[in-house]
Amino acid sequence: MRNIDHLYIDGAFVKPHGSERLPLVNPATEEVLGHVVLADKEDARRAIAAARNALPAFSRTTKAQRVAILERLHAAVIARAEPLRDATIQEYGGPVSRASWVSQYAAQAFLDAARTLQAYEFERRVGSATVVMEPVGVSVLITPWNSSAGSICSKLAMAIAAGCTTVIKPSEMSALQTQIVAEAFHEADVPAGVINIVNGRGDVVGTELSTNPDVARISFTGSTGTGKIIARQALDTMKRVSLALGGKSPTILLDDADFEKAVPAALNIAFQNNGQACIAGSRLLVPRGRLTQVVELAQAAVSSMKVGDPADPATTIGPMANRTQFDRVQGYIRRGLEQGATLVAGGPGRPRGFDRGYFVEPTVFANVGNDMAIAQEEIFGPVLCIVTYRDEDEAVAIANDSAFGLHAYVFSSDVLRAQAVARRLEVGRVAINGMRHDPLAPFGGYKQSGVGREFGPFGLESFLEAKTIMAA
Ligand code: NAD
């Protein structure tokens, strides 16, 4: 049993003022792994005060000092890659390959930020003026449970590169992963008050953080619904808010794609991170005349996927992260059936052989109308909707017929053709012929998938204010 009963404030692990205990549940077994004691508003205020006190000195540190801090943070997190992987498996149900990648990704964020910082000019001439880029101030970083350490580290890395002090509010359901990164940050010898971490509920701690006048900036990753609440709460004090939100990303198979390769790849894109990925390609758009072929290939791909113990290297899909998620995914599978979509793989209930754990069947629906709830709403589980299109123009129109605009995928044997389609899509990022990531390129959503961009110079500037100075 693990008991997480400390917050990290002003360079020390301290007892929370809050007293609520939340059980931490292993989603593969439904066993209670331990408890986390949650912070309350008073704890949040303490953390903000520590960040505020640390700001004057930290905002004046040099590039070289901050690069050194980022390098120490990288070393401290990479040294904990194994425990972080194990916690991700145990607490979240992330399959071992994904959980191993996440630990590396979390640590790497600090080196990517150091590279960005080194290349960035904080002062430039614009017309007759000198423009100075200054740290925005105390920054609150609010993160989700589906990518806990990665979100914490990538946001923190950019805030530190910019010279901002921080209060991190991770998901209350990720306390084991949070504890490991907190220990790493403590070991990295960062000045006290630059990093503060409060486990707590969104409607308690999150509300204090998004309304407190001493907070200048909020970097949020989570659902679109919560993002809207935070944006409203932050308005009165005009906080700088960036929101990385949900998605319903299309994968477009153009008629000249290699379907034998593209369909299994599209399934992996849809079901990555157990389907609980903001960038999951959860709508598969295929030429109308090729539906039968796509369905057969999709069925073969699903039958080769192994659902099960996330610690088993052969597992491709682990359990949903919690009971609420399990119920949510089951609800959408039932709605798909009610609305007349054709089930071609998976379906309701646990997979055969499972009588506990939040496991769901990887599920594929064909004959999905793009106006159905399963095609419009973020399910956040391994459920793929196949929608057919008549021609390229209709494929683009269907792809763009969404409240979301986070990501898209295009498959074609003609990269120039795929790029032309990519330019017509209302999304923040398009990957051609597979999953791609560039840690320095901007990441964020169009429409209700968010506001602002993370990573690289775009991400760094989101933690900076521009000051214009003009002399007579
Ligand atoms: P969520 O919105 O429920 O919670 C995210 C965080 O917000 C948690 O720390 C939560 O405690 C906090 N929160 C909740 N209510 C709050 C409030 N009123 N004020 C302040 N904070 C509050 O999201 P989740 O279920 O943890 O994560 C899944 C969602 O995150 C999905 O929609 C997914 O698409 C999205 N996501 C987006 C990205 C991206 O980069 N666009 C990345 C990962 C996840």
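Student: Which residue stands opposite R2 in strand 5?

Tutor: G34 does. The model is predicted, so local features need pLDDT of at least 70 and side-chain atom pairs 80 or more, whereas totals for chains, interfaces and linings use all residues. Residues are numbered from 1 along each chain as its sequence is written, and side-chain values use heavy atoms, with hydrogens and water left out.

Student: What makes strand 1 and strand 5 a pair?

Tutor: Pairing takes at least two DSSP bridges between two strands. Strand 1 (residues 2–4) and strand 5 (residues 32–37) have three, and they run parallel. The pair therefore qualifies. Both are DSSP runs: E of at least two residues for a strand, H or I of at least four for a helix, numbered from the N terminus.

Student: How many bridges join strand 4 to strand 5?

Tutor: Five, in the antiparallel sense. Strand 4 covers residues 21–25. R21 faces V37 there. The hairpin of strand 4 and strand 5 has six residues between the strands, and E30 takes a positive phi near 65 degrees.

Student: Why are strand 15 and strand 20 called edge strands?

Tutor: Start with their sheet. It is open and mixed, with seven strands in the order 15-16-17-14-13-19-20. Strand 15 (342–345) and strand 20 (429–432) each pair on one side only, so they are its edges. From one strand to the next, the twist averages 25 degrees.

Student: How do you know what helix 9 packs on?

Tutor: By contact, which takes heavy atoms within 4.5 Å. Helix 9 (residues 259–271) touches strand 13 (250–253), strand 14 (283–287), strand 16 (363–366), strand 17 (383–389) and strand 19, so it packs on the sheet. Its direction makes about 180 degrees with that of strand 13. Axes are lines fitted to C-alpha atoms, for helices over the stretch in contact, and angles between N-to-C directions run from 0 to 180 degrees.

Student: In what sense do strand 19 and strand 20 pair?

Tutor: Parallel, over four bridges. Y409 has A431 in strand 20 as its bridge partner.

Student: What is the strand order of the three-stranded open sheet?

Tutor: The order is 6-7-23, with antiparallel pairing. Strand 6 (123–126) and strand 23 (464–469) are the edges. Neighbouring strands are turned by 30 degrees on average, direction ignored. Six bridges link strand 7 (residues 129–135) to strand 23. P135 stands opposite L464.

Student: What makes a residue part of the shell around the ligand?

Tutor: One of its heavy atoms must lie within 4 Å. In this model 28 residues surround the ligand, and T143, S223, T226, L245 and E378 are the closest. Helix 8 (224–235) is one of the elements that supply at least two. It gives the largest share, four residues.

Student: How do the shell residues divide by type?

Tutor: Into 13 nonpolar, twelve polar and three charged. Gly counts as polar here, while Asp, Glu, Lys and Arg count as charged.

Student: Why is E378 called a polar contact of the ligand?

Tutor: The cut-off is 3.5 Å between N or O atoms. A polar side-chain atom of E378 lies 2.6 Å from a ligand oxygen, so the pair qualifies. The backbone of T143 also reaches a ligand oxygen, at 2.8 Å. For a polar backbone atom of G222, the distance is 3.3 Å. The protein covers 88% of the 850 Å² of accessible area that the ligand has on its own, by the Shrake-Rupley method with a 1.4 Å probe.

Key: A polar contact is a pair of N or O atoms within 3.5 Å; within protein, one must be able to donate a hydrogen and the other to accept it, and residues adjacent in sequence count only if both atoms are side-chain atoms.
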